[in-house]
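Please work through the exercises below with the sequence and the coordinates at hand. Each task is followed by a solution that proceeds step by step.

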Amino acid sequence: MLSRGFPGARGLQDGQEASSPHRWREDGPPPLPVLSAMGAVPLGHAVHAVALCNALLDRRAERVASVTPRRVAFIPRFHVWLESKRVRSRGEMVNFPRRCLRLELRTVEDTSRSCAEVADEDIIRVASSTDAQRLGNLVFKRWLQYEATRDARLLVVVQAMGTECIETMVTALATSWQKSARSFEGEASHPGFCCLASHVRPPQGSPAAVRDVLQCVALPPEPA
C-alpha cells in the first residue's frame, strides 16, 4: 500500500494521490509529481495511470495539429528509509528498514514511430515465473546495446499483464536503472534511462478477459 509514512511524499492510500517534493517555479509551470508506491496493487495503479495519461495526450495530439507531441515517462527508483517502532519485548524503539518504488515523472518526445521498428521477437514479455533480478540484468545488457548504437531496432521494450507481472517489470527496470546510472556517475547530467508507459493490444491467443497490455520503453532521459 501507499503510506503516509513515506518521507518526502504525502500519504497515498489505494486511491492514489500524487504528490511532489518540489515547489512550483515562479518562472514556469510546476514540475511533474513523484509517485511513491509500496505493494503490487498500488504500483500497478500508478503505472497504469501514467499509461492512461499518455493515451489522453495521444488523443489531444490528434485533435490539435499544432501541438508538439510530448509524452509522460518515469524514472524508476528504489526509495529506502528507516521506520521506528516500539518493540514490547525489548521495551524500546527499534528502526526497521522500509522500501518502496518511486516513479519520477518527466516529459519525453513522442517515440511511437521508433517503437514500431522493434521486432516482435525482441520484445521482452514478463511471465508470472519471471525473476526480477534476472530480468533486470537482461534489461541492463539490452540498454547498453541501444545506448552504444542508438539504433531504434534495439530499443528496450518490456510488456506485462497482471498486477504481479507489472510489479516484476517495474522492479527489474529500477534495478537496471541503478546499474546504468552508476556507470555514468559524474559523466552525465541525466544518467540512466526513463520509461515510457503505454497500453498496447494483447498478443493473439490471449484470454478474452485481457484487454490491454502494459508496455514500457526505455528511453534516454530529458531534463525534468
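The exercises that follow concern a predicted model, and they go from the overall fold to single side chains.

**Exercise 1. The fold and its sheet**

Task: Work out how many helices and strands the protein has, and in what order the strands of the sheet lie.

Solution.
Step 1. The secondary structure amounts to 4 helices and 7 strands, and along the sequence these elements follow the pattern β-α-β-β-α-β-α-β-α-β-β.
Step 2. The 7 strands make up an open sheet of mixed pairing, in which the order is E1-E3-E2-E6-E7-E5-E4. At its edges lie strand E1 (34-37) and strand E4 (124-125), each of which pairs on one side only.
Step 3. Among the pairings, strand E2 (residues 70-87) is joined antiparallel to strand E6 (residues 194-200) by 2 bridges, and here Phe-74 stands opposite Cys-195 in E6.
Step 4. E6 is also joined to strand E7 (residues 213-219), again in antiparallel fashion, but through 7 bridges; within this pairing, Leu-196 is found opposite Val-217 in E7.
Step 5. Of the contacts in the protein with a separation of 6 or more, 64% are between residues 24 or more positions apart.

**Exercise 2. Two helices, their lengths and their buried residues**

Task: Compare the end-to-end distance of helix H1 with its expected value, do likewise for helix H3, and find which residues of each are buried.

Solution.
Step 1. Helix H1 (residues 40-63) contains 24 residues, and the distance from its first C-alpha to its last is 35 Å, which is close to the 34 Å expected at 1.5 Å a residue.
Step 2. Helix H3 (residues 132-149) contains 18 residues and should therefore span 26 Å at 1.5 Å a residue; its end C-alpha atoms are 26 Å apart, in agreement with that value.
Step 3. The buried residues of H1 include Ala-40, Pro-42, Leu-43, Val-47 and Asn-54, whereas those of H3 include Leu-135, Val-139, Phe-140, Trp-143 and, with charged side chains, Arg-142 and Glu-147.
Step 4. At the start of H3, a side-chain oxygen of Asp-131 comes within 3.2 Å of the backbone nitrogen of Gln-133, and after the helix comes Arg-150, with a positive phi near 55°.

**Exercise 3. The core**

Task: Identify the residues that touch the most other members of the largest nonpolar core, and the helix that contributes the largest share of this core.

Solution.
Step 1. Of the 224 residues of the protein, 39% count as buried.
Step 2. The largest nonpolar core has 48 residues, of which Val-47, Phe-74, Leu-103, Val-158, Met-169, Leu-173 and Cys-216 touch the most other members. Helix H4 (residues 163-183) gives the largest share of this core, with 9 residues.
Step 3. Taking Val-158 as an example, and leaving out residues up to four places away in sequence, one finds that Val-158 touches Ile-124, Val-126, Val-139, Met-169, Leu-173, Leu-214, Gln-215 and Cys-216.

**Exercise 4. A polar residue in a strand**

Task: Decide whether Gln-159 is buried or exposed, and find the side chain with which Gln-159 makes a polar contact.

Solution.
Step 1. Gln-159 belongs to strand E5 (residues 157-160).
Step 2. The relative accessible area of Gln-159 is 8%, and because buried means under 20%, Gln-159 is buried.
Step 3. The side chain of Gln-159 is joined to that of Arg-125 by a polar contact of 3.4 Å. Beyond four places in sequence, the residues in contact with Gln-159 include Ile-123, Arg-125, Met-169, Val-200 and Val-213.

**Exercise 5. Salt bridges**

Task: Determine how many salt bridges the structure holds, and classify the partners of Arg-125 and Arg-153 by accessibility.

Solution.
Step 1. Side chains of opposite charge can pair when their charged atoms come close. The structure holds 6 salt bridges.
Step 2. Arg-125 meets Asp-120 at 2.8 Å, N to O; Arg-125 is partly exposed at 37% relative accessibility, and Asp-120 is likewise partly exposed, at 48%.
Step 3. Asp-151 and Arg-153 meet at 2.8 Å, N to O; Asp-151, at 22%, is partly exposed, whereas Arg-153, at 52%, is exposed.
Step 4. In the salt bridge between Glu-83 and Lys-85 the closest N and O atoms are 3.6 Å apart, and Lys-85 is partly exposed at 42% relative accessibility. Salt bridges link Glu-83, Lys-85 and Arg-98 in a network.

Methods:
Residues numbered from 1 in each chain as written. Predicted model: local features only at pLDDT ≥ 70, side-chain atom pairs only at ≥ 80, totals over all residues. Heavy atoms only, no water. Pairing = 2+ DSSP bridges. Core = buried A, V, L, I, M, F, W, Y, C linked by side-chain atoms within 4.5 Å. Buried < 20%, exposed > 50% of the residue type's maximum accessible area, 1.4 Å probe, protein only. Contact = heavy atoms within 4.5 Å. Salt bridge = Lys/Arg side-chain N within 4 Å of Asp/Glu carboxyl O. Expected span 1.5 Å × (residues − 1). Polar contact = N/O pair within 3.5 Å; in protein donor to acceptor, adjacent residues only side chain to side chain.
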